[in-house]
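Q: Please explain, term by term, how the labels attached to this structure are justified.

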Amino acid sequence: MSKTIEFSATVSATTRNGVLVVTIDNPPVNATSVDVRSGLEKALAHAETAPDVTGVVVTGAGKTFIGGADIKEFGKPATEPTLPAVIEKIEGLSKPVVAALNGAALGGGLEVALACHYRVASPAAQVGLPEVKLGIVPGAGGTQRLPRLIGIPAALDLITSGRSVKAEEALTFRIIDDVAAGDLVETAISAASALAGKPLRRTGDLTVAAVDPAEVEKASVKILAKARGQKAPAEAVRLVTSSNRPLAEGLADERATFLALRDSREAAALRHVFFAERESSKVEGLEGVEPRPVKTIGICGLGLMGSGIAVAALGAGYSVIGLDQTVEAAEKGRERIIGLLERNVASGRLDQAGFEAQKARLSVTAEDVDLAPCDLVVEAVFDDLAVKTDLFQRLDKVIRPDAVLATNTSYLNPDEIAAATAHPERVLGLHFFSPAHVMRLLEVVRCAKTAPDVLATGLAVAKKLRKLPVVTGVTEGFIGNRIFSAYRREAEFLLEDGALPHEIDAALEDYGFPMGLFAVYDMAGLEIAWARRKRQAATRNPSARYVEIADTLCEAGRLGQKAGRGWYAYPDGKRTIDPEVTTIIEAARAKKCIVPRAFSKGEILERMLGAMALEGEALLAERIAARSSDIDLVMINGYGFPAHKGGPMFAKA
Ligand code: T1G
């Protein structure tokens, strides 16, 4: 092995058996920063001219090959060399260039690999073009070279979904040529040596395989419907389906499209979400605080939420002990959990061996004392203060003093629950969203007395559950439900002022919400919120504006879709505008002598988003939320706020 050549601060190389092994070392994810690009360019120039070099291997240091272009450079003035220029040099080199994918090859990282003449991956590698998740399209050849390699239908699927695939699947797709059984770089060096002096397979020169236009049209229609107006997926469809044209023409179109989208509001919103997700688990004052070890999780209450939490915990590798009030109820809970696991097997998300392993880590009981081995106990019992405090007092007596107690309450005050225990410092809230084994969002509630290492434990468990943790202080409804209440309140004010449920829902769905507020209301059922309003009636501020329309609907038995009618009617299950509701709304206005007026979609949105952001500002001022991007994450991942709008705080900024 020759001495190391430093081509830049992040790119170095050694020559082994005549092959120049180029390593990119740009922590944390080897993004193609300007230093990486210029280092690669110099390495290629060296390889081209060095007589003792017969080929090149490109690989990454650490657990990533290349995590893509450096997103932090977006919005800054472009610096030469550009990534397309470097990629053109790779593809055009007269000597074989082999990509040795030691880990994730995403976005620009896969585009670099696609330009290489051969690709070998370690079994742990994953490849993908996730650019649409950032509101952009691949900008360095991905939309033109991937179809040449794997065909338009497969390229369309990967590029418009942004999903990444593991090495084995990538081999099946023929995105890569080999998965290394032994040492990855050695395998790549052998491949480069074998290709030396032979005609090279340049991806850009390949022809795009002919496809059935009807098949492509059908797939495109489905993708565009799912995109709900987002620009990037639509542009990706256009670029991929038109990739059977001269490469230079396709690349120029792709680059122009990429640059235009990169500077769009939609892309800025999705970048905001990308970095917000990486910030949310960073909590001031927790630097260096070690979480408590958690292997076994106890779950009290094996209903809808409890069984979902159990499935998430089993999926993350924890042992689970489920507790319910009776042996029958506990057994029913077990059946519910096993049923969910079986669905995971049926959908291919879990193989039989995994199913058996998870089932073996599950036990259920009706005896509190059986929770003694637990490191963490999460309660998901009926949302009633007396029920929860009684449970925690019982658990206090059976679990270890260092075990953590978590409540999944959505609306009760966890400080009151904690205060009923002997060790309030070991209590926090873990507010899951239904279905708990599907929804990514997890509000981690820091109670008044929660110890730092207990909060750190909550965050560590959230990460292991592959949840998106957002830390919140204690307030009614925490971040999500408090903002949702403000948003719903404003919607009801709009009803009194002149708008109708379907108009408000149409404005929200146009904006990008998967479903309007009143349609969601009907789906969830109106009875829970009604019960809470009745509970709050005695303490409600009499001078505050209160809209009675929802109460009137409930009193009329209009409890939602399950009841066949709510804000809408559901003849044959189809959501339909119901004149009876309009009559109820008009009566409510008349009772308050409100002269209704028409509202445009823009005005409705202005008020709805304004109400959310205003409540968000209050949560920041009260230090319930640590940062506005946390609020955006909660509303996007828990309440259907369109990610490509960035969340209510970003949208208002
Ligand atoms: N640019 C800049 N910073 C990045 C980055 C990137 N591409 N990817 C990650 N980071 C930072 C991240 O903010 C965090 O910082 C740290 O790295 C660790 O990230 C031309 C234009 C690679 C699978 O979309 O999916 O290429 O918080 O916590 O869990 O077509 O990061 O520590 O300060 O996520 O180990 C396309 C994005 C770019 C992939 C690693 N690429 N990254 O996961 O670490 S656009 C992507 C990921 C593009 C071209 C276009 C993941 C990962 P901090 P992490 P991880």
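A: Ala, Val, Leu, Ile, Met, Phe, Trp, Tyr, Cys and Pro count as nonpolar, Asp, Glu, Lys and Arg as charged, and the others, Gly among them, as polar. By these classes the shell around the ligand holds 14 nonpolar, five polar and seven charged residues. The model is predicted: local features need pLDDT of at least 70, side-chain atom pairs count only at pLDDT 80 or more, and totals for chains, interfaces and linings use all residues. Residues are numbered from 1 along each chain as its sequence is written, and side-chain values use heavy atoms, with hydrogens and water left out.

Q: What makes a residue part of the surroundings of the ligand, and which come nearest?
A: A residue is near a molecule if one of its heavy atoms lies within 4 Å of it. There are 26 residues around the ligand, and K63, E111, E131, R278 and K282 come nearest.

Q: Why is the approach of E111 to the ligand called a polar contact?
A: A polar contact is a pair of N or O atoms within 3.5 Å; within protein, one must be able to donate a hydrogen and the other to accept it, and residues adjacent in sequence count only if both atoms are side-chain atoms. An N or O atom in the side chain of E111 is 2.6 Å from an oxygen atom of the ligand, so the pair falls within the cut-off. A polar side-chain atom of K282 also lies 2.6 Å from a ligand oxygen atom, and a polar backbone atom of G139 is 2.9 Å from an oxygen atom of the ligand.

Q: Which element gives the most to the shell around the ligand?
A: Helices (H or I, at least four residues) and strands (E, at least two) are DSSP runs, numbered from the N terminus. The element that gives the most is α11, with three residues.

Q: Why is G429 called buried?
A: Buried means under 20% relative accessible area, exposed over 50%, and partly exposed in between (1.4 Å probe, protein chains only). G429 has a relative accessible area of 2%, and is therefore buried. This residue is found in strand β17.

Q: What makes D497 buried, and where is D497 placed?
A: The relative accessibility of D497 is 16%, so this residue counts as buried. D497 is in helix α18, residues 478-497. Its side chain is joined to that of R607 by a polar contact of 3.0 Å.

Q: How do you know that there are cavities, and how many are there?
A: Rolling a probe the size of a water molecule over the atoms shows where empty space is left. On a 1 Å grid over the protein atoms alone, a cavity is a set of points where a 1.4 Å probe fits but cannot get out, and a pocket is an open set with protein on both sides within 12 Å along at least five of seven lines; lining residues have an atom within 4 Å of a point. Grid points are joined across faces, edges and corners, and a volume is the space filled by probe spheres set on the points. The count comes to two cavities of 30 Å³ or more. About 50 Å³ of space lies in the largest cavity, and the second largest has about 40 Å³.

Q: What is the class make-up of the lining of the second largest cavity?
A: The lining has nine nonpolar, no polar and no charged residues. Among them are I297, F432 and L465.
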